[in-house]
Amino acid sequence: MTGSEPAEWLVFDYGEVLCRRTDALPELAGRLDVPPATFEPAYWAHRDPYDRGAADDAYWQAVGDTVDADVDLDTVRELAAIDARGWSTLDPAAEQLIESLAGQGRKLALLSNAPKSFARHAEQQPWTRHFRELVFSGDVGMAKPDADIYRLLVQRLGCAPGDCLFFDDRQINIDAPGPPASAPNSGPAPTKQPPSSDRLPRAP
């Protein structure tokens, strides 16, 4: 891909790129009867293994142990459902962009660090019909910024890394060894800057 040629594939992260940040943390904290300020550090502390394929019960019981709350299997199912809903609000501008790009026939792919339970939830959402490939870290046992997940992505897409333009909100994922070409929202030229959903490049 040269600076004057459009990328064959546009690859998007999901969390805080296509969707807004979860608003479910207070509800999750309330379900465990702990203050949000106590719950949130535990929620994030155990997230990486969850994103890499750990089961729902392993994750939520680890969170519960950290905040000294009992978590049985019924509670696990409830917490996982609340968590998935919390990450389900698409940014309106990003949703409009995705629809426009898909309508032009652009090839879209998703590369998201997300647990398996969210992947199953996301697959049922209308916006996923615009994506030709969905790669969720929980399904493949690896996560950004590991180089292996980028290699898996381009293998599935059947293209070279330089044929992709990659949008992510975390600099560590942009700077990782082996990702597709990365670009900011403000223009098509590859850079090392992460995007934010309200500045994604508008389709002509």
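These notebook entries record what I looked up on strands and aromatic ring pairs in a predicted model.

**Entry 1: strand S4.** I began with the burial of strand S4, residues 164–167. In a regular strand, side chains point alternately to one face of the sheet and the other. I found Cys-164 and Phe-166 buried on one side, and Leu-165 and Phe-167 buried on the other. Both faces of S4 are therefore covered, taking buried as under 20% relative accessible area.

**Entry 2: the partner of S4.** I then looked up the pairing with strand S1, residues 9–12. S1 and S4 run in the parallel sense and are joined over four bridges. I noted that Phe-12 stands opposite Phe-167 of S4.

**Entry 3: aromatic pairs.** I searched the whole structure for aromatic pairs and obtained 14. For Tyr-50 and Tyr-59, the ring centres are 4.1 Å apart and the planes lie at 5°, so I entered this pair as stacked. Tyr-50 and Tyr-59 are both buried.

I next examined Phe-118 and Phe-136, whose ring centres are 6.4 Å apart. Their planes lie at 75°, and planes over 60 degrees apart count as edge-to-face, so I entered the pair under that heading. This pair links distant parts of the chain, 18 residues apart: Phe-118 belongs to helix H7 (residues 116–122) and Phe-136 to strand S3 (residues 133–136). I recorded both Phe-118 and Phe-136 as buried.

**Entry 4: the cluster.** Finally, I followed the ring pairs from residue to residue. They link Phe-12, Tyr-14, Phe-118, Trp-127, Phe-131, Phe-136 and Phe-167 into a cluster.

Methods: Residues numbered from 1 in each chain as written. Predicted model: local features only at pLDDT ≥ 70, side-chain atom pairs only at ≥ 80, totals over all residues. Heavy atoms only, no water. Buried < 20%, exposed > 50% of the residue type's maximum accessible area, 1.4 Å probe, protein only. Helix = DSSP H or I, 4+ residues; strand = E, 2+ residues; numbered from the N terminus. Pairing = 2+ DSSP bridges. Phe/Tyr/Trp six-rings, centres within 6.5 Å; stacked < 30°, edge-to-face > 60°.
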